[in-house]
Amino acid sequence: MLLESGLPHPGIAAELKGRGDYVTATDRRSESAILEVLAREAPGIAVLAEERGGVRASTMWAVDPLDGTTNFTRGFPSVGVSVALLENGRPVVGVVIAPFLKVEFIASRGAGAFMNSERLPQHRALEPANAIVATGFPFRNKGFLPRYLAMFQGALARFEDLRRAGAAALDLAWTGSGTFDGFFELGLNTWDVAAGAALVLEVGGRVTDWSGGESWIDTGDILAAAPAVHEVLLELAAQPTQR
């Protein structure tokens with residue numbers, strides 16, 4: 001459906017839901033298509049979706065029909081579709097598709113993770129100083145800036161480089177595939193992180209909140225990385241914030 005809609009030229013009509021938070025007709029059509037499939041193929045399972053909402057349940061789907069909407073409205077192809085199945089607050093299945101980049105990621109707990117049908121290897125051992133780490137800026141909630149900027153400064157000093165592509169689901173999927181070695185962000189939503197986190201976990205990575213706990217699926221404060229990189233991210237997250 002997204003490929004049929006096509007990647008628009010900048011200036012497409014978009015509705016502003018909140019500061020820096022857009023929704024387009026394509027978001028809604030994509031979500032309707034996903035919900036139709038889930039209702040037919042997996043009836044009776046709760047769904048939490050970005051546009052239509054839903055309910056949280058011990059077993060539920062988390063659906064982001066178009067992650068990177070700002071990118072989409074500007075014709076930048078870093079755009080993803082993210083669907084995850086969660087059980088007891090943990091992702092057990094995750095699918096992230098980048099339709100305009102022709103990439104599909106799939107993970108199922110205990111059954112491996114795949115990119116375009118090729119099995120992804122376990123996270124390689126690497127020195128954190130050589131790591132490329134992805135992030136997302138807290139552009140919607142500037143109240144996160146002091147905490148985020150302290151982390152950003154430390155990460156830029158400790159890692160080789162940082163990347164910011166503007167679609168958290170894809171950042172996490174690329175962390176699972178080894179394109180990136182880690183990812184950190186604050187204040188995301190369950191549908192942003194669930195599927196990508198499933199990929200990271202399935203290849204031996206670690207996923208926690210910024211305190212090393214398990215609240216990331218609800219708070220969206222997430223650190224996801226290869227083990228050695230994750231240790232550094234936790235250390236950086238514990239540093240005092242800038243004032």
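Helix 8 (residues 227–237) lies across strand 11 (132–135), strand 13 (182–185), strand 14 and strand 15, and runs at about 155 degrees to strand 15. This arrangement, like everything described below, is read from a predicted model. Two open sheets are covered here, one of 5 strands and one of 8 strands, followed by helix 2 and the aromatic side chains.

**The sheet of 5 strands**

- The strands of this open sheet follow the order 12-11-13-15-14, and their pairing is mixed.
- Strand 12 (161–163) and strand 14 (206–208) stand at the edges with a single partner strand each, so one side of each of them is left without a neighbour in the sheet.
- From one strand to the next, the twist averages 20 degrees.
- Strand 14 is joined to strand 15 (residues 222–225) by 3 bridges, the two strands running antiparallel, and Val207 stands opposite Ala224 of strand 15.

**The sheet of 8 strands**

- The second open sheet has the order 4-3-5-6-7-8-9-10, again described as mixed in its pairing.
- Its edges are taken by strand 4 (53–54) and strand 10, each of which has a single partner strand, so that one side of each is left without a neighbour in the sheet.
- Helix 6 (residues 190–202) packs on this sheet, where it touches strand 3 (46–49), strand 5 (59–67), strand 6 (80–87), strand 7 (90–98), strand 8 and strand 9, and its direction makes about 100 degrees with that of strand 7.

**Two hairpins that share strand 9**

- Strand 8 (residues 103–108) and strand 9 (residues 112–115) pair in the antiparallel sense over 4 bridges, with Ala113 in strand 9 as the bridge partner of Ala107.
- The hairpin formed by strand 8 and strand 9 has 3 residues between the strands, and Gly110 in its turn has a positive phi of about 85 degrees.
- Strand 9 also pairs with strand 10 (residues 118–119) in the antiparallel sense, over 2 bridges, and here Met115 stands opposite Glu118 in strand 10.
- In the hairpin of strand 9 and strand 10 there are 2 residues between the strands, and Asn116 takes a positive phi near 50 degrees.

**Helix 2 and its two sides**

- The 17 residues of helix 2 (residues 25–41) should span 24 Å at 1.5 Å a residue, and the end C-alpha atoms are 25 Å apart, which agrees with that expectation.
- Buried residues of helix 2 are Thr26, Asp27, Ser30, Glu31, Ile34, Leu35 and Leu38.
- Seen down the axis of helix 2, these buried residues fall within an arc of 165 degrees, so they line one face of the helix.
- Glu36, Ala39 and Arg40, on the other side of helix 2, are exposed.

**Aromatic side chains**

- The count of aromatic pairs comes to 7.
- Trp174 and Phe180 form an edge-to-face aromatic pair, with 5.8 Å from centre to centre and 85 degrees between the planes, and both Trp174 and Phe180 are buried.
- One aromatic cluster is formed by Phe137, Tyr148, Phe152, Phe184 and Trp210.

Methods:
Residues are numbered from 1 along each chain as its sequence is written. This is a predicted model: local features need pLDDT of at least 70, side-chain atom pairs count only at pLDDT 80 or more; totals for chains, interfaces and linings use all residues. Side-chain values use heavy atoms; hydrogens and water are left out. The expected span of a helix is 1.5 Å times one less than its number of residues. Buried means under 20% relative accessible area, exposed over 50%, partly exposed in between (1.4 Å probe, protein chains only). The arc is that of the directions from the helix axis to the C-beta atoms. Two strands pair if DSSP finds at least two bridges between them. Axes are lines fitted to C-alpha atoms, for helices over the stretch in contact, and angles run from 0 to 180 degrees between N-to-C directions. Contact means heavy atoms within 4.5 Å. Rings of Phe, Tyr and Trp (its six-membered ring) pair if their centres lie within 6.5 Å; planes under 30 degrees apart count as stacked, over 60 as edge-to-face and the rest as tilted.
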